[in-house]
Amino acid sequence: MPHSRRILTYAIAVAAAATAGFVYPSGATAAAPRTATSDFNGDGYADLAVGVPDGTVGGQAKAGYVNVVWGGPKGVGAHGSIRVSQATPEVPGTPETGDRFGASVDLVDLNGDGIAELLAGVPGEDLIDRGADEGMVIAVGGSKDGPGPGSTVLAGPSPSAAYGTSVTAADLTDGANKVIVIGGTDKVVARVIQGEDSMVTTVVAAPMGGRAPVLATGDFDGDGTADLAVAYWTAGSPNTQSHVRLWKWDAERSAMANFWNTDNAGVTALAAGDFDGDGRDDLALGECREIADENIDDPCGPEELAKGGGIHVHYGSPAGGQFGSRAQTLNQDTAGVPGVAEDGDRFGAALAVADVNRDGRDDLIAGAPGEAIGSKAGAGAAWLLHGRAQGLLDANGAAESVSWNQDTSGVPGVAEAGDTFGAAVATADYNANGVPDATVGSPGENASLGAVWLLPSGSAGRSTAFSPRTLGLPYLSTAQKYGTPLSSR
């Protein structure tokens with residue numbers, strides 16, 4: 001049965017349109033801005049959201065759910081979890097085959113009350129009188145008593161709009177509340193929350209080849225307010241396009257304004273961080289490859305460094321300077337990066353950022369789910385790439401990094417073909433000891449039941465793994481592909 005309850009009405013004009021007010025799921029009013037957290041139950045520990053869009057709910061295949069795994073003194077995976085789906089009371093809709101609830105996730109404090117809300121994309125959602133796969137994004141409030149009320153942030157306007165293929169949120173307007181950015185079919189839109197009112201603005205509408213647009217946020221122009229990074233690409237018919245673009249809020253126009261582009265670059269992941277410690281955000285492009293038919297500006301750096309997947313970093317510039325005028329590129333053939341670049345490795349297909357060694361420079365976690373471990377094709381691996389004075393590479397073009405896989409000493413499990421370890425990565429201080437931890441998803445583990453690894457303080461020592469089986473989740477005989485996407489802050 002199509003869903004209709006709790007859908008907010010809205011209209012989209014060419015640039016922006018006023019919409020019905022978005023109500024915070026927790027019911028709280030907006031507080032003063034504060035550091036974003038992923039503490040969903042308000043116990044002082046960061047939590048981890050694991051999207052399981054292929055999960056079965058109520059007998060409905062690929063209805064999807066999100067597993068919020070609690071942080072605590074032992075990190076994530078040792079303190080239990082909850083399962084949030086459209087079968088959860090107060091979450092809009094009901095589970096249906098192919099809804100894919102949790103295809104995208106973001107665990108973020110939307111209103112500054114210290115407790116995170118869960119944003120979940122449902123790109124397969126069907127709506128009354130609109131056809132199929134309009135999609136939506138749902139916000140679910142966190143609380144000390146478990147999931148709070150949920151509401152629909154935005155629903156797709158037409159069949160196959162697939163709203164919720166990607167989602168993120170940040171304070172893009174220098175206000176008290178977050179802007180929720182939603183990716184769908186050939187479109188990125190933003191819901192701007194302004195007190196009890198809100199509006200929807202189209203950020204970009206362009207051919208995207210049926211792929212989810214990639215989203216990230218960071219202060220790329222150094223004005224103290226977050227900006228939006230969007231990547232999308234279409235290879236082949238009707239034409240070849242590939243873009244990474246930066247957008248900022250234009251208060252006069254009440255719309256997002258494009259201020260920087262690098263074209264002909266197809267990427268799978270984006271991440272923002274200050275890798276050289278100069279106080280300005282940089283932008284990492286993961287699994288960067290040239291997509292356009294003609295080489296115009298080497299969008300991903302030297303062509304040979306795209307083999308197996310390259311990571312291309314555009315660095316922030318001093319005030320008044322051009323963002324991205326300095327860049328670095330690395331892959332597994334770069335000095336200091338363990339491994340050998342091979343076609344299909346997908347190095348950089350997942351990215352996350354944290355200052356793991358607390359030296360004042362952000363480090364980059366990069367996954368390569370296609371990496372072969374010995375003869376085990378697609379077993380997957382992940383790398384911790386340290387930021388230094390020059391960025392991810394030193395003056396000689398060398399990196400400082402370590403890699404992990406299931407054959408690494410101290411990492412539980414055994415590398416097996418098709419595990420896809422590194423398909424998703426996330427970082428947060430899950431045990432509140434002041435040092436960020438890393439989590440790595442392996443959706444192909446255990447015949448695609450899936451699992452997630454915790455690397456405390458970014459180290460293989462004392463690492464642990466958890467899965468639907470260890471967490472007591474249902475439907476343990478189905479391929480849930482647990483472990484991608486991941487979200488924590």
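**Figure 1. Surroundings of Val-57 in the loop between strand 2 and strand 3.** Val-57 is found in the loop that joins strand 2 to strand 3. The model shown here and in the views that follow is predicted. Val-57 has a relative accessibility of 2% and therefore counts as buried, the limit being under 20%. With neighbours within four places in sequence left aside, the contacts of Val-57 are Ala-63, Gly-64, Tyr-65, Arg-83, Ser-85, Ala-87, Pro-95 and Tyr-475. Of these, Ser-85 is 28 residues from Val-57 in sequence, and the C-alpha atoms of Val-57 and Ser-85 are 7.7 Å apart.

**Figure 2. The whole chain, as background to the close-ups.** The chain contains 1 helix and 30 strands. It has 489 residues, and 58% of them are buried. Among contacts with a separation of 6 or more, 57% are between residues 24 or more positions apart. The exposed area of the chain is about 17,400 Å², of which carbon and sulfur atoms supply 49%.

**Figure 3. The largest nonpolar core.** This core has 23 residues. Those with the most contacts inside the core are Ile-311, Leu-330, Phe-347, Leu-351, Leu-364, Leu-385 and Leu-392. At least two residues of the core come from each of strand 18 (269–273), strand 20 (310–315), strand 23 (363–368) and strand 24 (381–385). Leu-351 can be used to look at the surroundings of one core residue. Apart from neighbours within four places in sequence, Leu-351 is in contact with Ala-269, Leu-270 and Ala-271, with Ala-284, Leu-285 and Gly-286, and with Ile-311, Leu-364, Ile-365, Ala-366 and Val-425.

**Figure 4. The stacked rings of Phe-40 and Trp-70.** The whole structure holds 5 aromatic pairs. In one of them, the ring centres of Phe-40 and Trp-70 are 6.5 Å apart and the planes meet at 20°, so the pair is classed as stacked. Phe-40 is in the loop between strand 1 (16–19) and strand 2 (48–52), while Trp-70 is in the loop between strand 3 (65–69) and strand 4 (81–84). The pair links distant parts of the chain, with the two positions 30 residues apart in sequence. Both Phe-40 and Trp-70 are buried.

**Figure 5. The edge-to-face rings of Phe-220 and Phe-323.** Phe-220 and Phe-323 form an edge-to-face aromatic pair, with 5.6 Å from centre to centre and 65° between the planes. Phe-220 lies in the loop between strand 13 (214–218) and strand 14 (227–234), and Phe-323 in the loop between strand 20 and strand 21 (326–330), so the pair ties together parts of the chain that are 103 residues apart in sequence. Phe-220 and Phe-323 are both buried. Together with Trp-260, Phe-220 and Phe-323 make up one aromatic cluster.

**Figure 6. Charged side chains over aromatic rings.** Two such arrangements are shown. The charged end of Arg-211 sits over the ring of Trp-233, at 3.6 Å from the centre of that ring. Lys-248 lies over the face of Phe-259, and here the distance to the ring centre is 5.9 Å.

**Figure 7. Ser-487 in strand 30 and the cis bond at Pro-485.** Strand 30 spans residues 486–487 and includes Ser-487. Ser-487 counts as buried because its relative accessibility is 7%, where buried means under 20%. The side chain of Ser-487 makes a polar contact of 3.4 Å with the side chain of Asp-106. Not counting residues up to four places away in sequence, Ser-487 touches Asp-47, Leu-48 and Ala-49, as well as Val-105, Asp-106 and Leu-107. Pro-485 is in the loop between strand 29 (464–466) and strand 30. The peptide bond from Thr-484 to Pro-485 is cis, its omega being near 0°.

**Figure 8. Two residues with positive phi, Ser-160 and Arg-462.** Ser-160 has a phi near 65°, a positive value in a residue that is not glycine. Ser-160 lies in the loop between strand 8 (150–155) and strand 9 (166–170), and at 46% relative accessibility it counts as partly exposed. The phi of Arg-462 is likewise positive and near 65°. Arg-462 is placed in the loop between strand 28 (451–455) and strand 29. With a relative accessibility of 62%, Arg-462 counts as exposed, since the limit for that class is over 50%.

Definitions and conventions: Residues are numbered from 1 along each chain as its sequence is written. This is a predicted model: local features need pLDDT of at least 70, side-chain atom pairs count only at pLDDT 80 or more; totals for chains, interfaces and linings use all residues. Side-chain values use heavy atoms; hydrogens and water are left out. Helices (H or I, at least four residues) and strands (E, at least two) are DSSP runs, numbered from the N terminus. Buried means under 20% relative accessible area, exposed over 50%, partly exposed in between (1.4 Å probe, protein chains only). Contact means heavy atoms within 4.5 Å. Accessible areas come from the Shrake-Rupley method with a 1.4 Å probe; for residues, only the protein chains shown count as cover. A nonpolar core is a set of buried Ala, Val, Leu, Ile, Met, Phe, Trp, Tyr and Cys residues joined through side-chain atoms within 4.5 Å. A polar contact is a pair of N or O atoms within 3.5 Å; within protein, one must be able to donate a hydrogen and the other to accept it, and residues adjacent in sequence count only if both atoms are side-chain atoms. Rings of Phe, Tyr and Trp (its six-membered ring) pair if their centres lie within 6.5 Å; planes under 30 degrees apart count as stacked, over 60 as edge-to-face and the rest as tilted. A charge sits over a ring if NZ of Lys or CZ of Arg is within 6 Å of the ring centre and within 35 degrees of the ring normal.
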